[in-house]
Amino acid sequence: MDILIIGLGVIGTTYGSVFKEAGHNVEHYIREGSNKKDVTNIEVTLLDGRKSSKGVQVKSEYTVNPHSKKEYDMIFISISQGKIANVMEILRKEAFKGTILLCCNLWYDKQYL
């Protein structure tokens, strides 16, 4: 799957790392002027509880790929609810297409979004 992650925060980076490890093509949209615009690699540390009840700490190096296209199989968005209008405007302006997965603790209906 081709996945676009909006931003480079903790949640997006964590999911990006997991998606990439699972074999997906992961890219990030990072807005102009962001202090994260030049980030190319991030060390990701996770506590993996799949094989042990106490968990196993796993470290990996995650390569950040900037967006390179307009159409994706999934667009992953994890932001605070007060910023959803800004992100929707970015999606509209950049003409990104794909199924959107919101991980934002939103309690609004589809019409609002």
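This is a guided tour of the structure, one selection at a time.

**The whole chain**

Begin with the full protein chain, and keep in mind that this is a predicted model. Coloured by secondary structure, the protein chain shows 2 helices and 6 strands, which follow one another along the sequence in the pattern β-α-β-β-β-β-α-β. The C-alpha atoms fill a box of roughly 45 × 30 × 25 Å along the principal axes. If you switch on a surface, about 7,700 Å² is exposed, and carbon and sulfur atoms supply 51% of it. Of the 113 residues, 30% count as buried. Among contacts with a separation of 6 or more, 59% come from residues 24 or more positions apart.

**Helix α1**

Next, select residues 10-21, which form helix α1, and pick out Thr 13 within it. Is Thr 13 buried or exposed? Thr 13 counts as buried, because its relative accessibility is 7% and the cut-off for buried is under 20%. Leaving aside neighbours within four places in sequence, the residues in contact with Thr 13 are Leu 8, Ile 42, Val 44 and Tyr 62.

Stay on helix α1 and show Tyr 15 and Phe 19, which lie 4 residues apart, about one turn of the helix. Tyr 15 is partly exposed at 38% relative accessibility, whereas Phe 19 is buried at 16%. The structure holds 5 aromatic pairs. In the pair formed by Tyr 15 and Phe 19, the ring centres are 5.8 Å apart and the planes stand at 50°, so this pair is tilted. Add Phe 76 to the selection, since ring pairs link Tyr 15, Phe 19 and Phe 76 into a cluster.

**Around Phe 96**

Now move to Tyr 72 and Phe 96, both of which are buried. Their ring centres are 6.3 Å apart with the planes at 65°, so the pair is edge-to-face. Tyr 72 belongs to strand β5 (residues 71-77), while Phe 96 is in the loop between α2 (84-94) and β6 (97-102), so the pair ties together parts that are 24 residues apart in sequence. Show Lys 70 as well: its charged end sits over the ring of Phe 96, 5.1 Å from the ring centre. Not counting residues up to four places away in sequence, Phe 96 touches Leu 4, Tyr 29, His 67, Lys 69, Lys 70, Tyr 72, Ile 75 and Leu 91.

**The nonpolar cores**

Phe 96 also leads into the largest nonpolar core, which has 14 residues; those with the most contacts inside this core are Leu 4, Ile 6, Ile 75, Ile 77, Leu 91 and Phe 96. Strand β1 (2-6), strand β5 and helix α2 each supply at least two residues of this core, and α2 gives the most, with 5 residues. A second, separate core has 11 residues, including Ile 3, Val 44, Val 64 and Met 74.

**Helix α2**

Finish with helix α2, looking along the helix axis. Which residues of α2 are buried? They are Ile 84, Val 87, Met 88, Ile 90 and Leu 91. These residues cover an arc of only 155° around the axis, which means that they are on the same side of α2. The elements that cover them include β1, β2 (25-29), β5 and β6. Turn to the face directed away from this buried side, where the exposed residues Ala 85, Asn 86, Arg 92 and Lys 93 are found. As a last stop, select Ala 95, just after α2, where phi is positive at about 60°.

Definitions and conventions. Residues are numbered from 1 along each chain as its sequence is written. This is a predicted model: local features need pLDDT of at least 70, side-chain atom pairs count only at pLDDT 80 or more; totals for chains, interfaces and linings use all residues. Side-chain values use heavy atoms; hydrogens and water are left out. Buried means under 20% relative accessible area, exposed over 50%, partly exposed in between (1.4 Å probe, protein chains only). Contact means heavy atoms within 4.5 Å. Rings of Phe, Tyr and Trp (its six-membered ring) pair if their centres lie within 6.5 Å; planes under 30 degrees apart count as stacked, over 60 as edge-to-face and the rest as tilted. A charge sits over a ring if NZ of Lys or CZ of Arg is within 6 Å of the ring centre and within 35 degrees of the ring normal. A nonpolar core is a set of buried Ala, Val, Leu, Ile, Met, Phe, Trp, Tyr and Cys residues joined through side-chain atoms within 4.5 Å. The arc is that of the directions from the helix axis to the C-beta atoms. Accessible areas come from the Shrake-Rupley method with a 1.4 Å probe; for residues, only the protein chains shown count as cover.
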